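Here is a friendly walk through one model, with an eye on cysteines, burial and strand pairing. Have the coordinates open as you read.

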Amino acid sequence: MMKDAVKMNQLQNLLHDSLIATDHVHHCAIIRRKDCNVRASSVGFNLHHDQVQMLLDAFKNPPQTREEGIYFDDQQYKCVRADKNSIYGKCDKRGLILVKTQSMLIVATYTENMFPSVCVEAVEKLADYFKEKGK
């Protein structure tokens, strides 16, 4: 039990240092793909199992996701990128970034006062870190 708590704390710190600290990530979470378990998330960002499953399902058919977009947090996001590892959605001046690694899904959002490119870069960099670690 203690080992899990330490791991979660490390993930929480990683999430903060690599994403929230950029000031261009509004909400974010690190999710274990196999069970849709949220391993770390920003304050006030609560994802439910069915939401997570829906986000993961978007990776199953990137062309369809590109065409239909993604419904998330009561908003329809227009898809600006969808491939087997990354999905970017846009809704007005806000955005949703999803990046998948071997065992994790990183979810991040940005708002109108943030730079989408900084958010994307931070999320992709964190995903690369997990990929290097084989996670």
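This predicted model contains 0 disulfides. A disulfide is a covalent bond between the sulfur atoms of two cysteines, and here the cut-off for such a pair is 2.5 Å. Why does Cys36 form no such bond? The closest cysteine sulfur, in Cys28, lies 18 Å from that of Cys36, which is too far for a bond. Cys119 is in no disulfide either, its nearest cysteine sulfur being that of Cys28 at 8.3 Å.

The table sets out relative accessible areas for three residues, two of them the cysteines just discussed.

| Residue | Relative accessible area | State |
|---|---|---|
| Cys36 | 6% | buried |
| Cys119 | 0% | buried |
| Glu124 | 17% | buried |

Glu124 deserves a second look. This residue sits in helix α4, which spans residues 116-132, and with a relative accessibility of 17% Glu124 counts as buried because the limit is under 20%. Which residues does Glu124 touch, leaving aside neighbours within four places in sequence? They are Arg81, Ser86, Tyr88 and Val99. As for Asp83, its C-alpha atom is 13 Å from that of Glu124, with the two positions 41 residues apart along the chain.

Two of those contacts lead us to strands. Ser86 and Tyr88 are contacts of Glu124, and strand β5 covers residues 86-91. Val99 is another contact, and β6 covers residues 94-100.

How is β6 paired with β5? The two strands run antiparallel and are joined by 6 bridges, with Cys91 opposite Arg94 in β6. They make a hairpin with 2 residues between the strands, and Asp92 in the turn has a positive phi of about 55 degrees. On to β7: β6 pairs with β7 in the antiparallel sense, again over 6 bridges. Leu96 faces Thr109 in β7 across this pairing, and 3 residues separate the two strands in their hairpin. Of the 7 residues in β6, 6 are buried, so the strand is mostly covered.

Helix α2, residues 49-57, brings β6 back into view. Its buried residues are Gln51, Val52, Leu55 and Leu56. Viewed down the axis of α2, these buried residues fall within an arc of 135 degrees, so they line one face of the helix. An α-helix has 3.6 residues a turn, so residues three or four places apart point the same way. The cover over the buried residues of α2 includes β1 (27-32), β3 (70-72), β6 (94-100) and β7 (104-110).

Technical notes
Residues are numbered from 1 along each chain as its sequence is written. This is a predicted model: local features need pLDDT of at least 70, side-chain atom pairs count only at pLDDT 80 or more; totals for chains, interfaces and linings use all residues. Side-chain values use heavy atoms; hydrogens and water are left out. Buried means under 20% relative accessible area, exposed over 50%, partly exposed in between (1.4 Å probe, protein chains only). Helices (H or I, at least four residues) and strands (E, at least two) are DSSP runs, numbered from the N terminus. The arc is that of the directions from the helix axis to the C-beta atoms. Contact means heavy atoms within 4.5 Å. Two strands pair if DSSP finds at least two bridges between them.
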